[in-house]
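Q: I have a structure open here and would like to talk it through with you. Could we take it piece by piece?

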Amino acid sequence: MKRFFRPVAFILGFVSALMCPPWVPLLLVLIVSIRYRAPEMLLLALFIDTLYLPAGGLPIYTALTALIVWGLEPLRAEIS
């Protein structure tokens, strides 16, 4: 399931970054990061920051995603 879910989630996040409100990819990152260690979501966050961020702004999505991906590590350890 892991080999199928993570790539599909990344592609879905990429498409949702283009077509959905900005909170949808962040919700997808949260859902994926609860169960799996997903560093590819950081690439998705960088893409979202370059897409929505004005010049000279702070990379909010990248910071939130890094916090989610590495901050949920103890929870993932409990689930596994």
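Q: What span should helix 3 have, and what do its end C-alpha atoms give?
A: Helix 3 has 13 residues, which at 1.5 Å a residue should span 18 Å, and its end C-alpha atoms are 19 Å apart, which agrees. Please keep in mind throughout that this is a predicted model.

Q: Which residues of helix 3 are buried?
A: The buried residues of helix 3 are E40, M41, L42, L44, A45, I48 and D49.

Q: E40 caught my eye. What does the side chain of E40 make a polar contact with?
A: The E40 side chain makes a polar contact with the side chain of R6, at 2.7 Å. E40 has a relative accessible area of 17%, and because buried means under 20%, E40 counts as buried. Setting aside residues up to four places away in sequence, E40 touches R6 and F10.

Q: And D49, how buried or exposed is that one?
A: D49 is buried, with a relative accessible area of 6%. Its side chain makes a polar contact with the side chain of T62, at 2.5 Å. When neighbours within four places in sequence are left aside, D49 is in contact with P59, I60, Y61 and T62.

Q: Staying on helix 3, what about F47, buried or partly exposed?
A: F47, which is found in helix 3, is partly exposed, with a relative accessible area of 24%. Not counting residues up to four places away in sequence, F47 touches F14, A17 and L18. The C-alpha atoms of F47 and F14 are separated by 8.1 Å, although the two residues are 33 residues apart along the chain.

Q: Let's move to the core. How many residues are in the largest nonpolar core?
A: The largest nonpolar core has 13 residues, and those with the most contacts inside it are V29, V32, M41, L44 and I48. Helix 1 (2-19), helix 2, helix 3 and helix 4 are the elements that give two or more residues to this core, and the largest share, four residues, comes from helix 3. As background, nonpolar side chains in soluble globular proteins tend to be buried together.

Q: Follow-up on V29: which residues does it touch?
A: Not counting residues up to four places away in sequence, V29 touches M41, L44, T65 and I68.

Q: V29 sits in helix 2, right? Which residues of helix 2 are buried?
A: V29 is among the buried residues of helix 2, which are P25, L28, V29, V32 and S33. These buried residues cover an arc of only 125° around the axis, which puts them on the same side of helix 2. As for the length, helix 2 has 13 residues and reaches 19 Å from its first C-alpha to its last, close to the 18 Å expected at 1.5 Å a residue.

Q: What is P25 in contact with?
A: Leaving aside neighbours within four places in sequence, P25 is in contact with G13, S16, A17 and I48. P25 is buried, with a relative accessible area of 1%. The C-alpha atoms of P25 and Y36 are separated by 16 Å, with the two residues eleven residues apart along the chain.

Q: Now that Y36 has come up, how many aromatic pairs does the structure hold?
A: The structure holds two aromatic pairs. The rings of F5 and Y36 have their centres 5.9 Å apart and their planes at 45°, so this pair is tilted. F5 lies in helix 1 and Y36 in the loop between helix 2 and helix 3, so the pair ties together parts that are 31 residues apart in sequence.

Q: Are those two partners buried or partly exposed?
A: F5 counts as partly exposed, at 29% relative accessibility, whereas Y36 is buried, with a relative accessible area of 13%.

Q: Last topic, helix 4. Which residues there are buried?
A: The buried residues of helix 4 are Y61, T62, T65, I68 and V69. Seen down the axis of helix 4, they fall within an arc of 130°, so they line one face of the helix.

Q: What do they pack against, and which residues are exposed on the other side?
A: The buried residues of helix 4 pack against helix 2 (23-35), helix 3 (40-52) and helix 5 (73-79). On the other side of helix 4, I60, L67 and W70 are exposed.

Methods
Residues are numbered from 1 along each chain as its sequence is written. This is a predicted model: local features need pLDDT of at least 70, side-chain atom pairs count only at pLDDT 80 or more; totals for chains, interfaces and linings use all residues. Side-chain values use heavy atoms; hydrogens and water are left out. Buried means under 20% relative accessible area, exposed over 50%, partly exposed in between (1.4 Å probe, protein chains only). The arc is that of the directions from the helix axis to the C-beta atoms. Contact means heavy atoms within 4.5 Å. A nonpolar core is a set of buried Ala, Val, Leu, Ile, Met, Phe, Trp, Tyr and Cys residues joined through side-chain atoms within 4.5 Å. The expected span of a helix is 1.5 Å times one less than its number of residues. Rings of Phe, Tyr and Trp (its six-membered ring) pair if their centres lie within 6.5 Å; planes under 30 degrees apart count as stacked, over 60 as edge-to-face and the rest as tilted. A polar contact is a pair of N or O atoms within 3.5 Å; within protein, one must be able to donate a hydrogen and the other to accept it, and residues adjacent in sequence count only if both atoms are side-chain atoms.
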